[in-house]
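This report walks through one protein model, beginning with its overall make-up and then turning to its strands, its backbone exceptions and its surface.

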Amino acid sequence: MAVVLAAVLPLGAAQAHDNGSVRATVTPASTAPGATVEVSVTGCSGTTGTAGSGAFEGDAELTGRDGDKYTLNGSARIKRGISGTHDITVTCDGHPHQGVGTVRIQRHNPEPVSPVRAGGGGTAHLSTSVAGAEVNEAGPGTRHAVTGLILAGVAAVAVAFRSVRRRRSE
């Protein structure tokens, strides 16, 4: 009986820590290198713990009320120069809980790939032909200029005719 108890009790304690009740969530779920994320962990007994990942610059120190009923929270900064999905390991209750959450890092290209219509000040690399851009953004042409001149002439004649007519009626 003692041999059976000696074998079953450690196995039961190990299963209690590996039963999948510990979960870590990261906010925002997808982030950029260098950003700070909030880590929330549920399923840990106690009020403290740590969350670590190969994506973090250092472990997130978790604190909160009883983690069995509430969440433990902390923050971590994402390493620069990495991308992809990385597992999170939470240490609480004196035991590590591996792979209880993930953090996804996406590299963002801050440089525009084509000119910005609202200006750009020459910061964008041109990926379209200049001739194509001129056709799409061409201003008034010859036809518009001639129409404007004709309308201006008609307006001048109308003003002149009206002022001559008023002088004769006086």
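Accessible areas here come from the Shrake-Rupley method with a 1.4 Å probe. On that basis the accessible surface of the protein comes to about 11900 Å², and 57% of this area belongs to carbon and sulfur atoms. Of the 170 residues in the protein, 20% are buried, a class that requires a relative accessible area under 20%.

The model is predicted, and its confidence should be kept in mind while reading what follows. The mean pLDDT of the protein is 78, with 68% of its residues reaching 70 or more. Over residues 1-19 the pLDDT is below 50, and this stretch has 4 contacts in the model beyond near neighbours in sequence. The pLDDT is likewise below 50 over residues 131-135, a stretch for which the model has 0 contacts beyond near neighbours in sequence.

**Overall make-up**

The protein has 3 helices and 8 strands, and from the N terminus on its elements run α-β-β-β-β-β-β-β-β-α-α. Among the contacts with a separation of 6 or more, 47% are accounted for by residues 24 or more positions apart.

**Strand pairing**

The strand pairings covered in this report are set out below.

| Strands | Sense | Bridges |
|---|---|---|
| E1 (residues 23-27) and E3 | antiparallel | 5 bridges |
| E3 and E6 (residues 72-77) | antiparallel | 6 bridges |
| E4 and E5 (residues 60-63) | antiparallel | 4 bridges |
| E4 and E7 | antiparallel | 3 bridges |

Strand E3 (residues 36-42) takes part in two of these rows, being joined to E1 and to E6. Which side chains of E3 are buried, and which are not? The side chains alternate along the strand: Val37, Val39 and Val41 point to one face and are buried, whereas Thr36, Glu38, Ser40 and Thr42 point to the other and are not. E1 can be read in a similar way, with Ala24 and Val26 on a covered face and Arg23, Thr25 and Thr27 on an uncovered one.

The residues that stand opposite one another tie these descriptions together. Ala24, from the covered face of E1, stands opposite Val41 in E3, and Val41 is itself one of the buried residues of that strand. Thr27, from the uncovered face of E1, stands opposite Glu38 in E3, which is not buried. Towards E6, Val41 stands opposite Leu72.

Ser75 is found in strand E6. Leaving aside neighbours within four places in sequence, Ser75 is in contact with Thr36, Val37, Glu38 and Ala60, and of these Thr36, Val37 and Glu38 are among the residues of E3 described above. Ser75 and Thr27 are 48 residues apart along the chain, and their C-alpha atoms are separated by 9.4 Å. Because its relative accessibility is 37%, Ser75 counts as partly exposed.

Strand E4 (residues 48-52) is mostly covered, as 4 of its 5 residues are buried. Its pairing with E5 places Gly49 opposite Leu62, while its pairing with E7 places Gly52 opposite Thr89.

**Backbone exceptions**

Most residues other than glycine have a negative phi, and most peptide bonds are trans. Against that background, two places in the model deserve a closer look. Thr27 and Pro28 are joined by a cis peptide bond, with omega at about -5°; Pro28 lies in the loop between E1 and strand E2 (30-31). Asp93, although it is not a glycine, has a positive phi of about 60°, and its place is in the loop between strand E7 (84-92) and strand E8 (95-105). With a relative accessible area of 29%, Asp93 is partly exposed.

**A nonpolar patch on the surface**

Which residues form a nonpolar patch on the surface? Val146, Ile150 and Val154 do so, and together they have about 270 Å² of accessible area. Val154 is found in helix H3 (residues 142-169). Is Val154 buried or exposed? Val154 counts as exposed because its relative accessibility is 53%, and the cut-off for that class is over 50%.

Note on methods
Residues are numbered from 1 along each chain as its sequence is written. This is a predicted model: local features need pLDDT of at least 70, side-chain atom pairs count only at pLDDT 80 or more; totals for chains, interfaces and linings use all residues. Side-chain values use heavy atoms; hydrogens and water are left out. Patches are made of residues with over 30% relative accessible area and no salt bridge: like charges are joined within 9 Å, nonpolar side chains (Val, Leu, Ile, Met, Phe, Trp, Tyr) within 5 Å. A salt bridge is a side-chain nitrogen of Lys or Arg within 4 Å of a carboxyl oxygen of Asp or Glu. Helices (H or I, at least four residues) and strands (E, at least two) are DSSP runs, numbered from the N terminus. Buried means under 20% relative accessible area, exposed over 50%, partly exposed in between (1.4 Å probe, protein chains only). Contact means heavy atoms within 4.5 Å. Two strands pair if DSSP finds at least two bridges between them. pLDDT is the predictor's confidence in each residue, from 0 to 100.
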